[in-house]
Amino acid sequence: MTTATSFGLPPARRIVGVLALLLAAIYAVDAWQTLSMGRWHKPGAAIFPIAVGLLLAISAISVLLERHGGAEDPMPATFSLPAGADLRRLLMVMAAFALYFLAMPLLGNMIASALFLLATMWLLSDDPGKSVLRLSLYAVAMAVSFEVFFVRLLKVQMPAGVLKPWLF
């Protein structure tokens, strides 16, 4: 059995809150400056990133304003990192994220997203009889939905990859 590493939350929450607020500001300002806002009847690519930045800023401010009520508080004052099989799953999901961002320029957004979604659903599923075919269908359906909504409808530019001529 591995010992879990424990961290105190109040100072860590303040640090994470400040970092998230800073990240939200940088993200929203960069989206505002580099992407098009579009028009009322045809919104541009900046709408979604600015909305995400705003939601992240609101979340960061709520974390900064949160109070811990001591021993009677139902929220624990410490947390532990996973150990054993759960730690391996966490590291594999993080590796899947890294591979996703490395594969996206080569394979394109839709194919890389489908493979990433399949890998993460398979890794995070607790079902011992999980069907790879069913998970593949879900992954492809989500990847195509993202492609249609973001790339086709909102006109967000995403990497097309070398297989672009054969995809819709």
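**Exercise 1. The salt bridge of an exposed aspartate**

Asp126 is exposed, with a relative accessible area of 66%, where exposed means over 50%, buried under 20% and partly exposed in between (1.4 Å probe, protein chains only). The structure is a predicted model, in which local features need pLDDT of at least 70, side-chain atom pairs count only at pLDDT 80 or more, and totals for chains, interfaces and linings use all residues. Residues are numbered from 1 along each chain as its sequence is written, and side-chain values use heavy atoms, with hydrogens and water left out.

Task: Determine which side chain meets that of Asp126 in a salt bridge.

Solution.
1. A salt bridge is a side-chain nitrogen of Lys or Arg within 4 Å of a carboxyl oxygen of Asp or Glu.
2. The partner of Asp126 is Arg89, at 3.1 Å from N to O.
3. Arg89 belongs to helix α3 (residues 85–107), whereas Asp126 sits in the loop between α4 and α5 (132–153), so the pair ties together parts that are 37 residues apart in sequence. Helices (H or I, at least four residues) and strands (E, at least two) are DSSP runs, numbered from the N terminus.
4. Arg89 is partly exposed, at 26% relative accessibility.

**Exercise 2. The salt bridges of the whole structure**

Task: State how many salt bridges a search of the whole structure finds, and describe the pairs formed by Asp127 and Glu147.

Solution.
1. The search gives 3 salt bridges.
2. Asp127 pairs with Arg134 at 3.8 Å, N to O. Asp127 is partly exposed at 36% relative accessibility, and Arg134 is also partly exposed, with a relative accessible area of 36%.
3. Glu147 pairs with Arg152 at 3.6 Å, N to O. Here Glu147 is buried at 9% relative accessibility, while Arg152 is partly exposed at 30%.

**Exercise 3. The largest nonpolar core**

Task: Identify the residues of the largest nonpolar core and the helices that supply them.

Solution.
1. A nonpolar core is a set of buried Ala, Val, Leu, Ile, Met, Phe, Trp, Tyr and Cys residues joined through side-chain atoms within 4.5 Å.
2. The largest such core has 5 residues, namely Ala96, Tyr100, Met104, Ala112 and Phe116.
3. At least two residues of this core come from each of α3 and α4, and α3 gives the largest share, 3 residues.
4. Apart from neighbours within four places in sequence, Tyr100 is in contact (heavy atoms within 4.5 Å) with Asn109, Ala112, Ser113 and Phe116.

**Exercise 4. A threonine in α4**

Task: Describe the surroundings of Thr120 in helix α4.

Solution.
1. Thr120 is buried, with a relative accessible area of 11%.
2. A polar atom of its side chain lies 3.2 Å from the backbone oxygen of Leu117.
3. With neighbours within four places in sequence left aside, Thr120 is in contact with Val93 and Ala96.

**Exercise 5. The span and buried side of α5**

Task: Compare the span of α5 with the expected value and list its buried residues.

Solution.
1. The expected span is 1.5 Å times one less than the number of residues.
2. α5 has 22 residues and extends 30 Å from its first C-alpha to its last, close to the expected 32 Å.
3. Its buried residues are Leu135, Ala139, Ala143, Glu147 and Val151; what covers them includes α4.
4. Just after α5, Lys155 adopts a positive phi of about 60 degrees.

Terms used. A polar contact is a pair of N or O atoms within 3.5 Å; within protein, one must be able to donate a hydrogen and the other to accept it, and residues adjacent in sequence count only if both atoms are side-chain atoms.
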